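Hi everyone, thanks for making the time. I'd like to walk you through one part of a structure that is new to most of us, so let's bring it up on the screen.

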Amino acid sequence: MKKYAGFFLLLLCSILFASYAAAGQIKTFVSDFTVSGALNKDELKGTLRTLLASRLNSETIVTVDTAEGADVLVTGSYAVLGKMFSLDAVARDSVGKVLVRLFEQGESQDELIPALTKLAQKLNGEIVKGFSAPAAKPVLPAAAPALPVPVPPAAAGAHPLIVTPSIIKKEAAATPSTEIVKAEQGANISGSGWTSQRLSGALVGIASGRTLGNGVRELFVADDHVLRFYHQEAELKLIAEVTFTPAEKILGVDTADLDGDGNPEAYLTIMDGETLVSQVWVARDGGLHKVAGKLPYFFRAIALDGKDKKIYVQQMGRDADFYGNVFELVQSDGSYEMKNPIKLPRFGYIYNFNRFTDAKGQSYYVLINGDGYLLVYSASGEELWRSNDKFGGSEIYFKREDLINMRIIGDKYRWTFLEQRIVVTPAGEIIVPRNEGMFVFGNNRSYKKNSLFDFSWNGSTLNEQWHTKESQNYLADYFYDAPRKELVILEVVKKEGLLDKGASTISVKKVE
């Protein structure tokens with residue numbers, strides 16, 4: 001009996017110890033992955049979940065089979081873009097608060113399992129860290145005698161509760177007329193702005209012309225097959241427009257004064273089928289006049305280092321969508337030629353980069369990579385910094401036949417999306433937009449809201465200075481008017497449908 005009593009005592013102790021150990025572990029549920037751009041999507045959803053869950057198990061984390069009662073919920077996505085893949089994961093606590101967002105990527109399927117292992121290791125550390133530090137109870141100071149608070153004259157008529165911010169800024173409070181909100185202090189300041197009337201069509205691009213003597217701003221606006229020229233007055237006034245053939249698809253419009261006559265030309269990037277047939281137009285004598293056509297270039301107006309805006313081009317290859325270096329476009333004797341090549345760092349191409357200079361005169365490249373993360377590179381091409389949040393996001397694309405793509409994912413076309421502009425201001429700040437939406441998987445993109453963010457480089461990281469209030473529309477394009485310190489924003493307020501062309505608006509926000 002003593003022998004059996006000892007055995008049962010040992011068994012009871014083991015059960016109690018196991019229960020105690022399990023109680024101290026963080027219960028984590030991993031949901032099925034979202035898979036895009038890969039074959040066998042249904043199989044991969046569960047397989048990737050199982051692989052990640054098994055690698056998350058540790059002395060401090062135990063994965064469970066149901067979300068009910070779990071301390072942490074992990075959602076993951078797996079996206080394949082060509083030969084590249086990206087694994088993204090988000091861990092939330094039981095009330096939905098985000099604990100961490102992480103990603104791993106690779107250049108071949110041989111790197112998938114090692115990438116999953118690294119992702120699990122990072123998640124494990126961040127989840128444990130999030131649960132290891134208990135929240136400190138606030139210590140309430142002794143009540144101080146109430147003293148009269150002086151009210152500044154500028155705030156005397158302000159309502160204490162109602163605010164309508166347009167820009168959220170991370171500095172000291174600004175005057176109400178600036179339309180700026182400073183996020184560190186949480187001050188919300190309303191200010192002036194301008195919004196156009198509703199415009200027909202889901203527009204794709206906007207660019208600035210001249211500012212006339214009476215303060216009227218010229219605007220070039222494009223949809224898939226039409227270029228319009230407006231004067232921005234109390235309302236937009238249509239001055240001229242030109243329509244292109246159904247086969248000619250406009251991907252964007254940019255402006256710059258390359259001939260130096262004081263009247264900027266409009267550079268249209270146009271695809272006819274799978275061929276670049278870009279064109280140059282100018283507004284003159286109340287109409288739009290064609291300057292050049294069938295140019296084999298992608299166009300982008302960029303003010304490198306926040307200096308003069310120039311037109312840069314990149315060509316298309318037989319297999320590569322963006323072939324070779326980016327060049328400056330130069331006009332000479334009525335013709336165009338490429339000069340001054342720019343060798344971009346990894347992931348860089350004409351639509352996703354800009355360059356800025358710090359106070360010491362050192363140059364850096366900033367770009368948005370294929371996964372949507374913001375990166376900073378040294379002039380020599382070394383990656384110095386990478387964002388945790390995603391930026392950019394565009395619905396503008398072109399397609400080309402791709403037999404390899406057909407064999408891999410079953411789509412005979414390769415879809416290429418053009419990235420949003422990165423603007424560098426004369427002050428050296430970097431403006432980057434962010435579109436977000438519910439359906440953004442592979443080639444299915446439908447963005448529903450946007451903000452624009454302003455950053456400054458401190459030598460080691462990009463610090464946010466301000467961002468615009470979130471808008472419940474898709475941002476198609478924008479530009480920054482440096483002399484006026486204004487953002488001019490083109491938004492699609494109604495998407496194009498089978499029987500509806502959609503609608504857009506243009507708005508102006510003051511930044512100072």
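Start with strand β22, residues 323-332: β22 and β23 pair in the antiparallel sense, over six bridges. Please keep in mind that this is a predicted model. If you want a landmark in that pairing, look for Leu329, which stands opposite Met338 in β23.

Now let's zoom out a little. What is the order of the strands in this open sheet? It runs β20-β21-β22-β23, four strands with antiparallel pairing. At the edges you'll find β20 (298-302) and β23 (335-342), each of which pairs on one side only. From one strand to the next, the twist averages 40°. As a reminder, strands of a sheet pair through backbone hydrogen bonds.

Next, the aromatic rings. The count comes to 24 aromatic pairs, and I've picked one of them for you. Phe298 and Tyr351 sit edge-to-face, with 5.9 Å centre to centre and 85° between the planes. Why does this pair tie together parts that are 53 residues apart in sequence? Because Phe298 lies in strand β20, while Tyr351 is in the loop between β23 and β24 (353-357). Are these two residues buried or exposed? Both Phe298 and Tyr351 are buried. They also belong to one aromatic cluster, together with Phe322, Tyr349 and Phe398.

Finally, two arginines. Arg434 lies over the face of Phe391, 5.2 Å from the ring centre. Arg445 lies over the face of Phe417, and there the distance to the ring centre is 3.8 Å.

Thanks for listening!

Terms used. Residues numbered from 1 in each chain as written. Predicted model: local features only at pLDDT ≥ 70, side-chain atom pairs only at ≥ 80, totals over all residues. Heavy atoms only, no water. Pairing = 2+ DSSP bridges. Helix = DSSP H or I, 4+ residues; strand = E, 2+ residues; numbered from the N terminus. Axes fitted to C-alpha atoms, helices over the stretch in contact; angles between N-to-C directions. Phe/Tyr/Trp six-rings, centres within 6.5 Å; stacked < 30°, edge-to-face > 60°. Buried < 20%, exposed > 50% of the residue type's maximum accessible area, 1.4 Å probe, protein only. Lys NZ or Arg CZ within 6 Å of the ring centre and 35° of its normal.
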